[in-house]
Amino acid sequence: TFKPITATAGLEEGVITPDETIEDLGIFDKITPASRCWIYPGRHGSLNVTQAILHSCNYFFYEVGYRMSIDGDGDYNDGTGTKVLSKYAALYGLDDVSGVQISESGPQISDAYPVASAIGQGRHNYTTSQIARYVTALATKGTLYNLTLVQKTVTSDGEEIQTYGSDIADEIELKTSTWDSIRGGMREMAKSTAALNAMGVHVAGKTGTAQETKSHGNHALFIGFAPYEQPEISIATRIANGYTSSNAVDISVDAMNYYFGLKTREQLLNGSALLPQSAVIHD
């Protein structure tokens with residue numbers, strides 16, 4: 001889910017263009033140790049940035065991260081690459097808390113390993129609320145809000161004390177072609193995902209997995225907004241140790257279906273929990 005930020009950096013810094021293609025060679029060996037695309041031993045072929053977001057091609061974004069790390073002398077430099085990534089992560093508000101009125105861990109933009117960091121690995125660490133704030137900036141083509149959980153405060157007698165809104169923290173100025181490339185890739189991703197494509201509104205989205213340890217399942221993520229043409233809602237879903245991003249997609253689809261009135265509460269809350277045989281209680 002960090003890849004749209006890397007795409008922004010690459011396009012705005014001029015290390016890639018919207019139409020330029022990069023061929024996925026499977027193994028990215030320009031640095032040591034080499035890194036693999038998630039589809040390896042398969043390959044995605046030649047992709048432009050919109051297609052790279054659609055397919056979430058690691059190799060493409062490794063290459064973008066590498067190009068951003070070339071310093072003025074033409075040498076690969078970790079510090080050069082992480083500085084560029086940090087600039088654009090901060091542009092999307094990921095250098096600050098989201099604004100919600102509860103305790104929130106401070107964000108951490110990766111300060112090392114720019115090639116790995118370009119796909120969201122490295123030392124990145126963000127709350128789901130901070131990610132939701134960034135997604136809203138994608139949805140609005142640049143309006144960065146401070147989020148709020150509180151609508152208003154009142155006295156015990158119901159007298160209004162204060163109202164709250166989502167204050168605008170900043171306006172992000174990017175080239176139109178940059179917004180179109182990134183948002184277009186997110187729209188194509190949603191169209192290629194059956195659960196999202198089957199909805200009655202047009203969705204744009206990006207799946208993700210966050211690897212923490214080898215002894216636990218990956219964290220499952222989905223970010224998105226809808227309707228694509230005139231967004232009303234943005235969403236960030238994270239399932240701790242949720243294994244696969246499709247699980248996060250399913251929850252997000254339910255939330256959006258409810259928001260847009262496409263399904264009722266009764267239609268959505270129709271599951272039942274099954275106890276394992278060992279936990280069945282006999283009279």
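## Helix packing and local geometry

Helices α1 and α7 are roughly antiparallel to each other (angles over 145 degrees count as roughly antiparallel, under 35 as roughly parallel, 65 to 115 as roughly perpendicular and the rest as oblique). This is a predicted model, in which local features need pLDDT of at least 70 and side-chain atom pairs count only at pLDDT 80 or more, whereas totals for chains, interfaces and linings use all residues. Residues are numbered from 1 along each chain as its sequence is written, and side-chain values use heavy atoms, with hydrogens and water left out.

**Exercise 1.** Describe how α1 and α7 pack, and state which residues make the contact.

*Solution.*
1. Helix α7 covers residues 176–191, and its angle to α1 is about 150°. Helices are DSSP runs of H or I with at least four residues, strands are runs of E with at least two, and both are numbered from the N terminus.
2. The two axes lie 10 Å apart; axes are lines fitted to C-alpha atoms, for helices over the stretch in contact, and angles run from 0 to 180 degrees between N-to-C directions.
3. The crossing of α1 and α7 is right-handed (the near helix is turned clockwise from the far one by less than a right angle; anticlockwise would be left-handed).
4. From α1, the contact draws on P4, A7, T8, L11 and E12, and from α7 on T178, S181 and I182. Contact means heavy atoms within 4.5 Å.
5. Four of the residues in this contact of α1 with α7 are nonpolar, three are polar and one is charged. Here Ala, Val, Leu, Ile, Met, Phe, Trp, Tyr, Cys and Pro count as nonpolar, Asp, Glu, Lys and Arg as charged, and the others, Gly among them, as polar.

**Exercise 2.** Carry out the analysis for α1 and α3, then state how many residues of α3 are buried.

*Solution.*
1. Helix α1 (residues 3–13) packs on helix α3 (residues 58–67) at about 45°, with axes 10 Å apart.
2. The relation of α1 and α3 is therefore oblique.
3. Their crossing is left-handed.
4. K3, T6, A7 and G10 of α1 meet N58, F61 and V64 of α3.
5. By class, the contact of α1 with α3 holds three nonpolar, three polar and one charged residue.
6. Nine of the 10 residues of α3 are buried (under 20% relative accessible area; exposed is over 50% and partly exposed in between, with a 1.4 Å probe and protein chains only). Among the buried residues of α3 are N58, F61 and V64.

**Exercise 3.** Count the aromatic pairs in the whole structure, and classify the pairs F60–F61 and F225–Y228.

*Solution.*
1. The search of the whole structure gives nine aromatic pairs. Rings of Phe, Tyr and Trp (its six-membered ring) pair if their centres lie within 6.5 Å; planes under 30 degrees apart count as stacked, over 60 as edge-to-face and the rest as tilted.
2. For F60 and F61, the ring centres are 5.2 Å apart and the planes stand at 70°, so this pair is edge-to-face. F60 and F61 are both buried.
3. For F225 and Y228, the centres are 6.3 Å apart and the planes stand at 20°, so this pair is stacked. F225 and Y228 are buried.
4. Ring pairs also join F28, Y59, Y62, Y66 and Y76 into a cluster.

**Exercise 4.** Locate the cis peptide bonds that precede P41 and P227, and the positive phi values of Y113 and K141.

*Solution.*
1. Most residues other than glycine have a negative phi, and most peptide bonds are trans.
2. The bond between Y40 and P41 is cis, with omega about 15°. P41 is in the loop between β3 (35–36) and β4 (45–47).
3. The bond between A226 and P227 is also cis, with omega about -15°. P227 is in the loop between β10 (219–226) and β11 (233–239).
4. Y113, which is not a glycine, has a phi of about 55°. Y113 belongs to the loop between α4 (78–91) and α5 (114–117), and its relative accessible area of 47% makes it partly exposed.
5. K141 has a positive phi near 55°. K141 is in the loop between α6 (128–139) and β5 (143–145), and it is partly exposed at 41% relative accessibility.
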